[in-house]
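Here is a walk through the side-chain contacts of one protein model. Take the rings, then the charges, then the surface.

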Amino acid sequence: MGKKLGVILTGLGVFVLGVALLARFYAYDRLAVVPLDQDTVSVSEGPDATIFDIATQQEITVDLVSTRNVVGDVEASEEASDELGRDIAVWETLVYTDEPGAEIDADNPPRSGTHDRVAFDRHTGETVVCCETFTSTTADDRGVEQPEATAFEGLYFKFPFQTEKKTYQFWDGSLGEAPDIEFQEVETIEGLEVYRFEQVIPATTVATINAPASIFGIDEEGDVSLDRVYSNTRTLWIEPETGVIIRGQEDQLTVAEYEGEQVATLTDVVIGYNPETISDNVDTYSSLSSQLKAIRIWVPIVGGVLGLLLLVAGLLLMRRRREGSAHAG
């Protein structure tokens, strides 16, 4: 019986050790990836925003609601992964902003909107150059620009799995580049631990606007060329195990300048995820975070310790059996 029990314990020890190693070095790498068939909606709210209304040709104060749809292109993702030899996701995101309750359709486009097609690494979240990525924008005058081929940089949809307390680069569509976004501190949202990052974009001229001088009270004849000057403080709260953005907020200011002097406020708003979106994110990703952490940390540790104990116990029983048999002989 001692020999049989020793063999059984030894076998169990080897099996449990194998499970611990597979969890850490095989299962985790296959679970810590974004889905190809992503399909989510998030809503942000910006109360008491100041915008320049083209219809009335003056600054007005309105509440704004921004709705973001993200959809994965499974076929393009699989083709890109095969071509590049790495796990790639291709997602498209459509963001449109207007007043609450506004009916948006082909005849009544939103005040502003963007449509981006972005390819990125499924593990790190870093954008990659492939797959005919583009960006298109619905202009403030409610006209629609044609999609423009875009080579995205840095992070776009999310941070890497196992996000670190350091500086990353995060894409800003108005600048068309990825400035630094710096770790600030650890916080808690509805019981979930998150890392708060902040990206400060100083006032930067991002475009020029040709418009009648009379609209902006400029003492000139005909059209004038104005600078579109943009600044923003972007704050993101990241769940570190998954790298998902649990909460996002932007403090945007865009003004029109003529010969270095501000002549109009085009957009002045603090806009961020509404409570329902934040709660949905916490509910969805807290459980996923716990699962990934268990596979990455607890299963290897507990399995490793238990497997070693079983292996040692089995080998000791087998050794004692052999020593007992030799003594009896």
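Is Phe183 buried, partly exposed or exposed? The model is a predicted one. In it, Phe183 has 21% relative accessibility, so Phe183 counts as partly exposed. The cut-off matters here, because buried means under 20% relative accessible area.

Start with the rings. A pair of aromatic rings is described by the distance of the centres and the angle of the planes. The model holds 13 aromatic pairs. One of them joins Tyr168 and Phe197. Their centres lie 5.9 Å apart, and the planes make an angle of 65°. That makes the pair edge-to-face. Tyr168 belongs to strand E7 (residues 168-169), while Phe197 belongs to strand E9 (residues 192-212). The two are 29 residues apart, so the contact links distant parts of the chain. With 7% relative accessibility, Tyr168 is buried. Phe197 is buried too, at 0%.

Phe183 has a ring partner of its own. It pairs with Tyr195, again edge-to-face. Here the centres are 5.5 Å apart and the planes meet at 75°. Phe183 sits in strand E8 (residues 180-189), and Tyr195 sits in strand E9. The separation is 12 residues along the chain. Tyr195 has a relative accessible area of 11%, which means that this residue is buried. Phe183 is partly exposed.

Rings also gather in a group. Trp91, Phe120, Phe152, Tyr156, Phe157 and Trp171 make up one aromatic cluster.

Some rings carry a charge over the face. Lys158 lies over Phe161, at 4.1 Å from the ring centre. Trp237 has the charged end of Arg247 above its ring, 4.1 Å from the centre.

Now the salt bridges. The count is 12. Arg111 and Asp53 form one, with the closest N and O atoms 2.9 Å apart. Where do these two residues lie? Arg111 is in the loop between strand E3 (88-98) and strand E4 (112-121), and Asp53 is in strand E1 (residues 39-53). The bridge therefore ties together parts that are 58 residues apart in sequence. Arg111 is buried at 17% relative accessibility. Asp53 is buried at 7%. Both belong to a network of salt bridges that also includes Asp98 and Glu99.

Next come Glu92 and Arg117. Their side chains meet in a salt bridge at 2.8 Å, N to O. Glu92 is in strand E3 and Arg117 in strand E4. They are 25 residues apart, and the pair links distant parts of the chain. Glu92 is partly exposed, with a relative accessible area of 23%. Arg117 is buried, with 11%.

A further bridge joins Asp172 to Arg234. The closest N and O atoms are 3.0 Å apart. Asp172 lies in the loop between E7 and E8, and Arg234 lies in strand E10 (residues 223-239). This pair spans 62 residues. Asp172 is buried, with a relative accessible area of 0%. Arg234 is buried as well, with 7%.

Last, the surface. Which residues form a nonpolar patch there? They are Ile301, Val302, Val305 and Leu309. Together they have about 370 Å² of accessible area. Ile301 is placed in helix H3 (residues 275-328). At 45% relative accessibility, Ile301 counts as partly exposed.

Conventions: Residues are numbered from 1 along each chain as its sequence is written. This is a predicted model: local features need pLDDT of at least 70, side-chain atom pairs count only at pLDDT 80 or more; totals for chains, interfaces and linings use all residues. Side-chain values use heavy atoms; hydrogens and water are left out. Rings of Phe, Tyr and Trp (its six-membered ring) pair if their centres lie within 6.5 Å; planes under 30 degrees apart count as stacked, over 60 as edge-to-face and the rest as tilted. Helices (H or I, at least four residues) and strands (E, at least two) are DSSP runs, numbered from the N terminus. Buried means under 20% relative accessible area, exposed over 50%, partly exposed in between (1.4 Å probe, protein chains only). A charge sits over a ring if NZ of Lys or CZ of Arg is within 6 Å of the ring centre and within 35 degrees of the ring normal. Patches are made of residues with over 30% relative accessible area and no salt bridge: like charges are joined within 9 Å, nonpolar side chains (Val, Leu, Ile, Met, Phe, Trp, Tyr) within 5 Å. Accessible areas come from the Shrake-Rupley method with a 1.4 Å probe; for residues, only the protein chains shown count as cover. A salt bridge is a side-chain nitrogen of Lys or Arg within 4 Å of a carboxyl oxygen of Asp or Glu.
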